[in-house]
Amino acid sequence: MPTAELRDLTVHIDTGRWSETVLEAVNLAVPAGRITALLGESGCGKSMIAAAITGLLPASANSTGQVHIDGAAVRDERTWRQLRAGTVGLVPQSDVTAFVPDETVGAQLIDLHRLHRARSVEDACAAALYPIDGFDLFPHQHSAGQIQRAALAAALLPAPRLLIVDEPTASLDTGTGYEVWTNLREYADTGAAVLAITHDAALLIDTGVTDRMVFMRHGRITVAGPTTEIRTLEDPYVRGFFQQSGQ
Ligand SMILES: Nc1ncnc2c1ncn2[C@@H]1O[C@H](COP(=O)(O)OP(=O)(O)OP(=O)(O)O)[C@@H](O)[C@H]1O
């Protein structure tokens, strides 16, 4: 049984001024102990999947289908709140939204540690490569790369069994990004299910950390499977992905 599963999930957004089906009949399994990479062009629905699998779809969304966590369909906001308080962790694409604005990042990380007592602050910061000399800064006083790593530290502190990272290395230099991917691999090896959204094809392939790859287009999953099998496919979009990374 995968840690998380989307079953026939369709999401329609209607803002009143604009409406669109952003996810269509999506089936996706995120197994324990694995890194599943979610890939696809901008706007294809990757972050919407992150929102669906963490119970954070926008208010303008209507959905059909199911999201299962640990084999059970999650149907209400109360259950989602409980899951997000420990089992399910998210590093959002806008990393700064992981924090409240008017408290230092250090204070917020310490609060998270006190709440969960799952991992030490030092350990989570080391895994996220977040330098603790940023502790006394407020979120907006961080660089994009610093707050990205702080958001990963915050997500790791409760030791979630399902971790979703939305572009975790987008603001990092190649060397730091490489280490972050390697540490995410180590985290998955502890038994966690990791869903990683990224455009960073080169780094993803160089590090060789992913077990499974899922490609999306226009709100649909087009190709999914073990990385070793995906590499051999002739699908032009998949080939383009590997060529982009120089493989
Ligand atoms: N909060 C929101 N309210 C309404 N529509 C949204 C919202 N967030 C995203 N969308 C729409 O959902 C669709 C999918 O967006 P999504 O953010 O999932 O794309 P993505 O694949 O993550 O793109 P990128 O790689 O650029 O981050 C887009 O058409 C977008 O306009």
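How many disulfides does a search of the whole structure find? In this predicted model, the search finds zero disulfides, and the legends below take up the two domains, the open and closed spaces, and several single residues.

**Figure 1. Two cysteines in a structure in which a search finds zero disulfides.** A disulfide is a covalent bond between the sulfur atoms of two cysteines. The view takes in C44, which has a relative accessible area of 2% and is therefore buried, since buried means under 20%. C125 is also shown, and with a relative accessible area of 2% this cysteine is buried as well. The search that gave zero disulfides covered the whole structure.

**Figure 2. The two domains of the chain, domain 1 and domain 2.** The domain assignment gives domain 1 as residues 2–87 together with 160–244, while domain 2 is made of residues 99–159. The C-alpha centres of domain 1 and domain 2 lie 23 Å apart. Where the two domains meet, 18 residues of domain 1 are in contact with 15 residues of domain 2.

**Figure 3. The largest pocket, which lies between domain 1 and domain 2.** Why does the largest pocket lie between the two domains? Domain 1 and domain 2 both give residues to the lining of the largest pocket, and therefore the pocket is placed between them. The volume of the largest pocket is about 580 Å³, and 23 residues line it, of which R84, L90, A98, L112 and A154 lie nearest its centre. Two or more lining residues come from each of the elements β6 (88–91), α3 (105–116) and α5, and the largest share, five residues, comes from α3. When the lining of the largest pocket is divided by class, there are 15 nonpolar, six polar and two charged residues.

**Figure 4. The second largest pocket, with β4 giving the most to its lining.** About 360 Å³ of space lies in the second largest pocket. Its lining is made of 18 residues, and of these L57, S63, V74, R75 and W80 lie nearest the centre of the pocket. The elements that give two or more residues to this lining are strand β4 (61–69) and helix α2 (77–84), and β4 gives the most, with six residues. By class, the lining of the second largest pocket has ten nonpolar, five polar and three charged residues.

**Figure 5. The largest cavity and the residues that line it.** Rolling a probe the size of a water molecule over the atoms shows where empty space is left. How many cavities of 30 Å³ or more does the structure hold? The structure holds one such cavity, and about 40 Å³ of space lies in the largest cavity. The residues V91, Q148, R149, L152, P168, L172 and V180 line the largest cavity, and by class this lining has five nonpolar, one polar and one charged residues. Helix α5 (residues 144–156) gives the most to the lining, with three residues. Both domains take part here, for the lining draws at least three residues from each of domain 1 and domain 2.

**Figure 6. Two loop residues with positive phi, L129 and E167.** L129 is found in the loop between α4 (121–128) and α5, and although L129 is not a glycine, it has a positive phi of about 60°. E167 is found in another part of the chain, in the loop between β7 (162–166) and α6 (174–189). The phi of E167 is near 55°, a positive value in a residue other than glycine. Is E167 buried or exposed? At 7% relative accessibility E167 counts as buried, because the limit for a buried residue is under 20%.

**Figure 7. The surroundings of V238 in helix α9.** V238 lies in helix α9, which is made of residues 236–244. The relative accessibility of V238 is 0%, so this residue counts as buried. Which residues is V238 in contact with, leaving aside its neighbours within four places in sequence? These contacts are F215, V223 and I230. The view also includes L39, which is 199 residues apart from V238 in sequence and 9.7 Å apart from V238 in space, C-alpha to C-alpha.

Terms used
Residues numbered from 1 in each chain as written. Predicted model: local features only at pLDDT ≥ 70, side-chain atom pairs only at ≥ 80, totals over all residues. Heavy atoms only, no water. 1 Å grid on protein atoms, 1.4 Å probe; cavity = no way out; pocket = protein on both sides within 12 Å on 5 of 7 lines; lining within 4 Å. Points joined across faces, edges and corners; volume = space filled by probe spheres on them. Helix = DSSP H or I, 4+ residues; strand = E, 2+ residues; numbered from the N terminus. Nonpolar A, V, L, I, M, F, W, Y, C, P; charged D, E, K, R; others polar. Domains from an automatic or database assignment. Disulfide = S-S within 2.5 Å. Buried < 20%, exposed > 50% of the residue type's maximum accessible area, 1.4 Å probe, protein only. Contact = heavy atoms within 4.5 Å.
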